[in-house]
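User: Could you take a close look at the ligand site in this model for me, and at the enclosed space elsewhere in the protein? I would like the cut-offs spelled out as you go.

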Amino acid sequence: MNDQFSRRHFTKLAVGAVIVGFNPDERSWVTQASDSARPFDHLPKLDGALLLDEASRRAIASDQGNMFHRVPAAVLKPGSVQDIVAMVRYANQHRLKVAIRGDGHSRYGQTQAEAGVVIDSRSLNEVRVRTPHSADAQLGAFWSAVADATLPKGLTPRLFPGTCLALLTVGGTLSAGGIGNMSPHYGALVDNVSDLDVITGDGRLVTCSPEHESELFDMVLAGQGQCGVIVRAGLPLMPASTHVVHHELTYTDLDAYLTDQLRLAREGRFDGQRGTMMRDQGGTWSFLIEVGKFFTPPNEPNIRALEGDLHFASAAAPARMTYHDYLFRLETRGGVAPGRPSPFITMWIPASVTRTYLDNILSLTPEAAALVRFQGVEQFGCYPLNTRRFTRPLFKVPSEEQAFAVWLFRSVSPGDEVALSALLASNRDLLAKMTAAGGKRYAPYSMVISPAEWQAHYGPEVWPRLVAAKAKYDPNRVLSPHPAIFGEK
Ligand SMILES: Cc1cc2nc3c(=O)[nH]c(=O)nc-3n(C[C@H](O)[C@H](O)[C@H](O)COP(=O)(O)OP(=O)(O)OC[C@H]3O[C@@H](n4cnc5c(N)ncnc54)[C@H](O)[C@@H]3O)c2cc1C
C-alpha cells in the first residue's frame, strides 16, 4: 500500500493546511488549496484535528523503543469518539491502515502505520466516577488520572500498573494486558474491567462485556488493537485504604528469595508485592522483595509480625506512606534517555524453572546485559504471579499455577549498531530459552516475531478465535498493521 501513496503530495502539505478529503485515484490527501476540480471523497466532519504537516507526522513516527520509525500520512487527534468512528470508516473506504497510540511505550513499532493514519488517543482522556462501584476511563487517560479521579472519593480500582502511572494509558495497557503490585490478588488489568466501548475495525461502536458481545470483549482485552479500538473502559472500584506500610526486604540467597516470593504470593499475605534484582559495582547480586500492607488509621498493621518466617538477610525500616504516595513511588523507574534504542523484553517464566532460567541473565556481564540503571544501580524486575488469576484469553501465561514476571529493560547508546544487534541477538536467545521452558512473552515487549510464532504463542485454542475475530471485526484489515500478527504490514 505504501507505494500507492503520493508521498510528494503529502509531504508538501504545510502546517495548518485544511484537509478536505482523500483522492482515491491518486491516493493522496486534498486540501482546500489543492486543485478541487479533481474528484475526491470529502473527509467526514471532525470534532478534533487530522494533522498532515510533516512535524506532526514525524513526531509520532517513533515509539519509545527508538528502533522503528514509520511516518504516517496523517495523525488524528480525536475530539470525540465519533471522530474515531468516522476515521475508521473512512480508512475502510480508502484502504488506509490505522494504528492506535497511547503514549507509545511499546517498543517494536506496534503504534505505527507507514503512510496510514495514527490515532493519538491522548486527546480523549476523561475519567468519570460513575458510582461508588465503577468508573469510566477514556482510552487516552493516564493511570495517574484514574488515581486522581478516584482516590479523593475514597475509592480505587483493584489494580494499577506497578510503576509509572503518569506514563501509561488506559487504552494502551488494556490492549497490552497490564500487571501491577496487586496482581498476586487480582491478576492483570484486563481481568479488572467490567465493560468496554469498542470501535471495531469496520467502524461500529459496540459496548461489550462478559455478558454482551463477549467474543469482542475477549478479543480486545490484551488484543494489541487487532480487532477494535477501546474508547471507554468500565473499571470496578472498591473502597481505598488511606495508608500503606511499605517494607523492603533484601536477600542475598536467590533460592530463599524465590521461595519466599512464591509463598507470599500464594498466601496473599500482603496487599502489594513486587521484586527487583540488583547488581552492585563489585558484581554481586542481591534481591529485593517489596511488600505493602494497606490500612486506614487507626488500624495500623504490625508488619514485622507478618515477616517472622521469611529468610531475608536485612531490611530497611518499614515506611508508612499514603496509598497515593505508594502508588506513585516508582514514577521514574525504567525511564530511558530520549533517543536511546531500548529493546525491552518481558516474559512470564514457569516457577519451577525460574531458578535455572535466571542463570542466563545473572551470568551476563553488565555490558552484555545493558540494563537500564535506576539511581545508578543495575537492576531488573522479577516477581511472582498466580497464573489462575489471569483469566483473559489473549493474556497468555504459563500453565503452572505460579510464574515469575521478568522485566528486562535494556538500552544502548544511539548510533551504536554493533551493540544494538548484539542486544537483539541476546533478546532472541533469552526468548527462545523462555519459550522452550514453557514461558510466555508480554506483547508490548515481545520483539518482532513471525505469524507462526504468534500462533504458537496463543496456542491451538485461542489462535483460531483470534483469526476468526479479526475476520469478523476488522474484515478489511485496517487496524494495527504492527506487530503483523497476521503477516501483513
Ligand atoms: C517505565 C515503564 C514502566 C512500565 N510499567 C508497567 C507496569 O507496571 N505494568 C505493566 O503491565 N506494564 C508496564 N509497562 C509497559 C506498558 O504496559 C506498555 O508499554 C504498554 O505498551 C502501555 O503503554 P502505552 O500506554 O504507551 O501504550 P502504547 O504503547 O501506545 O500502546 C500499546 C498497544 O496497545 C495498542 N493500543 C493503544 N491504545 C489502544 C486502544 N485504545 N485500543 C486498542 N489498542 C490500543 C497500541 O496499538 C499498541 O499495540 C511499563 C512501561 C514503561 C516504559
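Analyst: Happy to help; here is the ligand site, followed by a cavity and a few backbone details.

This is a predicted model, in which local features need pLDDT of at least 70, side-chain atom pairs count only at pLDDT 80 or more, and totals for chains, interfaces and linings use all residues. Residues are numbered from 1 along each chain as its sequence is written, and side-chain values use heavy atoms, with hydrogens and water left out.

Let's start with the shell. The ligand is surrounded by 33 residues, each with a heavy atom within 4 Å of it. Ile100, Gly102, Ser106, Thr169 and Ile179 are the closest. By class, the shell holds twelve nonpolar, 17 polar and four charged residues; here Ala, Val, Leu, Ile, Met, Phe, Trp, Tyr, Cys and Pro count as nonpolar, Asp, Glu, Lys and Arg as charged, and the others, Gly among them, as polar. Strand 6 (98-101), helix 5 (170-176) and strand 13 (228-239) each supply at least two shell residues, and helix 5 gives the most, with four. Helices (H or I, at least four residues) and strands (E, at least two) are DSSP runs, numbered from the N terminus.

Next come individual atom pairs. A polar side-chain atom of Ser106 sits 2.7 Å from a ligand oxygen atom, while a polar backbone atom of Asp103 is 2.9 Å from an oxygen atom of the ligand. On the nitrogen side, an N or O atom in the side chain of Ser175 lies 2.9 Å from a nitrogen atom of the ligand. The protein covers 98% of the 950 Å² of accessible area that the ligand has on its own, by the Shrake-Rupley method with a 1.4 Å probe.

Now for the enclosed space. There are four cavities of 30 Å³ or more, a cavity being a set of points, on a 1 Å grid over the protein atoms alone, where a 1.4 Å probe fits but cannot get out. The second largest holds about 70 Å³, a volume being the space filled by probe spheres set on the points. Its lining residues (an atom within 4 Å of a point) include Ala222, Trp348, Arg441 and His457. They divide into eight nonpolar, two polar and two charged. Domain 2 (125-240) and domain 4 (345-445) each contribute at least three of them, with bounds from an automatic or database domain assignment.

Ala222 deserves a second look: its phi is near 60°, positive in a residue other than glycine, and Ala222 is in the loop between helix 7 (214-220) and strand 13.

Finally, the peptide bond from Pro297 to Pro298 is cis, with omega near 15°. Pro298 lies in the loop between strand 16 (285-295) and strand 17 (314-315).

Definitions and conventions:
1 Å grid on protein atoms, 1.4 Å probe; cavity = no way out; pocket = protein on both sides within 12 Å on 5 of 7 lines; lining within 4 Å. Polar contact = N/O pair within 3.5 Å; in protein donor to acceptor, adjacent residues only side chain to side chain.
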